[in-house]
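I sat down with this one today and kept short notes as I went. Have the sequence and the model open beside you while you read along.

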Amino acid sequence: MTVTENPTPMGFGRMHRKEDARFVRGRGNYVDDIQLPGMLHGSFLRSPYAHAKIVSIDTSAAEALPGVKAVITGKVLETLNLAWMPTLSYDTQAVLATDKVRFQNQEVAFVVAENHYIARDALELIEVEYEPLPVVADAKQALAPGAPVIRDDKEGKTDNHIFDWSAGDAEKTERVFAESEVVVAEDVLYPRVHPSPLETCGAVADFDKVTGKLTIYSTTQAPHAHRTVYALVAGLPEHKIRVISPDIGGGFGGKVGIYPGYVLAIVGSIVTGKPVKWMEDRNEHLTATAFARDYHMRGEIAATKDGKIRALRVKVLADHGAFNGTAQPTKFPAGFFHIFTGSYDLEAASCDVTGVYTNKAPGGVAYACSFRITEAAYLVERMIDVLAYELKMDPAELRLKNLLKPEQFPYTTPTGWEYDSGDYPRALKLAMDMVEYDKLRAEQAEKLSRGEYMGIGISFFTEGVGAGPRKHMDILGLGMADGAELRVHPTGKAVLRLSVQTQGQGHETTFAQIVAEELGISPDDIDVVHGDTDQTPFGLGTYGSRSTPVSGAATAIVARKVRDRARIVASAMLEVSPDDLEWEKGKFFVKGDPDQAKTIQEIAMAAHSSLELPEGVEGHLDATTVYNPPNLTYPFGAYICVVDVDPATGQVKVRRFIAVDDCGVRINPMIVEGQVHGGLADGIGMALMQLMAFDEDGNHLGASLMDYLLPTSLECPSWELGETVTPSPHHPIGAKGVGESATVGSPAAVVNAVLDALKPLGVRHADMPLTPSNVWRAAQGRPIRT
Ligand code: MCN
Ligand code: CUM
């Protein structure tokens, strides 16, 4: 493909995505595109109840339907010791319900048939007798005395409590609060939402009885971690398991965990001896796969009268659904929520998080959350605006007064994070310049005098992305480090093999660009292989925006190892000492004699030739590495949203959105901007439209895209992006992650803008989603509905 206006850069820079050549031609290869000879199809019978005892299941009529090959129930799985599986949070989750169902649409039975239609028809022939039980649909009811116990499968469990977790210095925080001039508190809800990528979840399992090899094509963001878990759970030898994650149509964290469907496709294939495909529909995806958020927060902020913020304290009730199926580093049951002090210089902070079971789908960490930094960033940015409201201060001025200063980096937060680098005031001032802040405030005042409500919302966020370090971070005991392998063929073309896996982030392009930057081989001459455990080195996968911080570093390092080998080969070719060579992107030359040079392509050929190499040098240029990050990287940004609100109808129009992001060195600015665009749209979705609601019986009220709304171009303005570049000092190319930045930063800007518009009506806070009816209710001073 020739793209004249967008030539391939020899390294970092704007470049069209290599993978788009197949996507725009409809030649992507997704799980549902996989067709294997003799393949069967599986489908789930799901529970209509949110909480009910299973009295009996009769599968005989379904089994008798022509074309049905197997009907699997929890009782069948019990005989295989597979009725329950471990979650990524050391809990257990029912693969198929045996004793009772614990959320609506939970998996109850699995039919394997010749095709999808027969499988679905057979579901209707299964007779299940349920005995409905009282439902816990609300996190606050979960710990009430006498609340029905959801997890009575756990021995001795008499309540719905999962964990208590705290961070920070509670005593010191208490002291600072006691002596502070101003203390403001607010209840802030981050409602349950769902990432809802274009592609739902699915798998094709193919067990070969002769070789004992199990191949699983699945929509996973973490193929290697899944393989290890399958090996541990099913007792299958790990080298006989191959997990292939082909093209993925968006993951957003919803494809990190292991779903019953993956397991049942495997069991189905083992039972029938045929490949089995399972692919869920939209309704199943929305109701049964990982949700996000559901954090009920009580924030308190302490400050001086003139707006110096001193301390922050948060209590969280975290709704984890029926099984604790979140995925985050083991030591942190609330993920990275304890980064809630955000971008500010505080004396003290503390948080207490309590996790509870409810009769809702499990999950919790999804939707570009950076392990709950979304909730943390939203909380602090809302609290800052609440404080500004009480102090009658401009929210931009209040932030500028309290932002960390560049000279404070590296900065250790009151809850123990070490921020690597940043220049926060510069980013906020740039955003304010771009939007012409003072002019905008004047316009707002002028409009208000004519009875028009306009709002300006600011948010500033700091994320920590790139988990490990391995010493502090693991998932199910697997340390968070990632491998990379780089092969350079004799003609100088290269193949990079990675443990991380793209779901749309453009890794085939950007990781080739990192190699290009380091070696001077064109990105067009570098293939990136990922998403196949048989072909790639071990690593924990893509989430928490860790690909660039971890595997991006591994890629730079492995390319530098290749360069070190190339230096030795070049020295043999040029008959000089390696120390007498100098590197310039793409070639080594003799110091002081640039005409005496060998290109990386010439060196690659020589490395494979009969050229005599020094003692102990093996030849070839290939290298491998494993990268264990010394710290997270800390991207940040300043966002400003401008809205027009009609309090009479509750309509909100997002007029402008300015986003200044700093993710350190940008590998491909075009891809970074695409990531930011997507995240900003997410923010508008969550702030204004999205809610996974349930009625008191636990019935899901957002089970289709008619009820669960996704933002479109109609709701989004033309984004205005700015950037600053503060390299990460510990990352080999100075890059920080960016994939989740805009989703983390934008909801608060939108909500703050709407509430800024409603400020003259005396509204200090209202919870998301700010739908027209909720905005109208807030404007009327009525409680809003979530
Ligand atoms: N990048 C860059 N320069 C930087 C940082 C990143 O050019 N300084 C590029 C990277 O090379 C990569 C992309 O931007 O191509 C995102 O990189 P990174 O921030 O490392 O994030 P990951 O690749 O690890 O992607 C995960 C992140 C997460 S956790 C969610 S959730 C999310 C997101 O990415 N899911 C997505 N963005 C998504 N975008 C798409 N299209 N689909 C998803 O499912
Ligand atoms: Cu939390 S969503 Mo992303 O980390 O895959």
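**Entry 1: ligand 1**

From which domains does the shell around ligand 1 draw at least three residues each? I found domain 2 (377–467 + 631–779) and domain 3 (481–627), each giving at least three residues; the bounds come from an automatic or database domain assignment.

Before going on, I noted that this is a predicted model, in which local features need pLDDT of at least 70 and side-chain atom pairs count only at pLDDT 80 or more, while totals for chains, interfaces and linings use all residues. Residues are numbered from 1 along each chain as its sequence is written, chains are lettered from A and ligands numbered from 1 in the order in which they are written, and side-chain values use heavy atoms, with hydrogens and water left out.

I then listed the neighbours of ligand 1. There are 33 residues around the ligand, and G251, Q505, H507, T548 and V738 come nearest; a residue counts as near if one of its heavy atoms lies within 4 Å. By class I get eleven nonpolar, 18 polar and four charged residues. Here Ala, Val, Leu, Ile, Met, Phe, Trp, Tyr, Cys and Pro are nonpolar, Asp, Glu, Lys and Arg are charged, and the others, Gly among them, are polar.

Next came polar contacts (pairs of N or O atoms within 3.5 Å; within protein, one must be able to donate a hydrogen and the other to accept it, and residues adjacent in sequence count only if both atoms are side-chain atoms). The backbone of Q505 has a polar atom 2.6 Å from an oxygen atom of ligand 1. For S547 an N or O atom of the side chain lies 2.6 Å from an oxygen atom of the ligand. F252 uses a backbone N or O atom, 3.0 Å from an oxygen atom of ligand 1.

How much of ligand 1 does the protein bury? Taken alone the ligand exposes 830 Å², and the protein buries 95% of that; the areas come from the Shrake-Rupley method with a 1.4 Å probe, and for residues only the protein chains shown count as cover. I also checked which elements give two or more residues to this shell: α14 (507–519), α15 (547–574) and α17 (669–688). Helices (H or I, at least four residues) and strands (E, at least two) are DSSP runs, numbered from the N terminus.

**Entry 2: ligand 2**

I moved on to ligand 2 and found Q221, F252, G253 and E740 among the residues around it. The shell has seven nonpolar, four polar and one charged residues. G544 places a backbone N or O atom 2.5 Å from an oxygen atom of ligand 2. Q221 reaches an oxygen atom of the ligand with a polar side-chain atom at 3.0 Å, and a polar backbone atom of G253 lies 3.1 Å from an oxygen atom of ligand 2.

**Entry 3: salt bridges**

How many salt bridges does a search of the whole structure find? I got 60, taking a salt bridge as a side-chain nitrogen of Lys or Arg within 4 Å of a carboxyl oxygen of Asp or Glu.

I looked at E186 and R764, whose closest N and O atoms are 3.0 Å apart. E186 is in strand β10 (residues 182–193) and R764 in the loop between α18 (741–758) and α19 (772–779), so the pair links parts of the chain 578 residues apart. E186 is buried at 14% relative accessible area, whereas R764 is partly exposed at 21%; buried means under 20%, exposed over 50%, and partly exposed in between (1.4 Å probe, protein chains only).

Next I checked K736 and D420, where the closest N and O atoms are 3.4 Å apart. K736 lies in the loop between β33 (720–723) and α18, and D420 in the loop between β20 (418–419) and α12 (424–435), so this pair ties together parts 316 residues apart in sequence. K736 is buried at 2% relative accessibility, and D420 is buried at 5%. I also noted one network of salt bridges with shared partners, which joins D91, D99, K100, R102, R151, D152, D153 and K154.

**Entry 4: Q104**

Is Q104 buried or exposed? I found Q104 buried, at 16% relative accessibility, in the loop between β6 (100–101) and β7. The side chain of Q104 makes a polar contact of 2.9 Å with that of N699. A polar atom of the Q104 side chain also lies 2.7 Å from the backbone nitrogen of H700.
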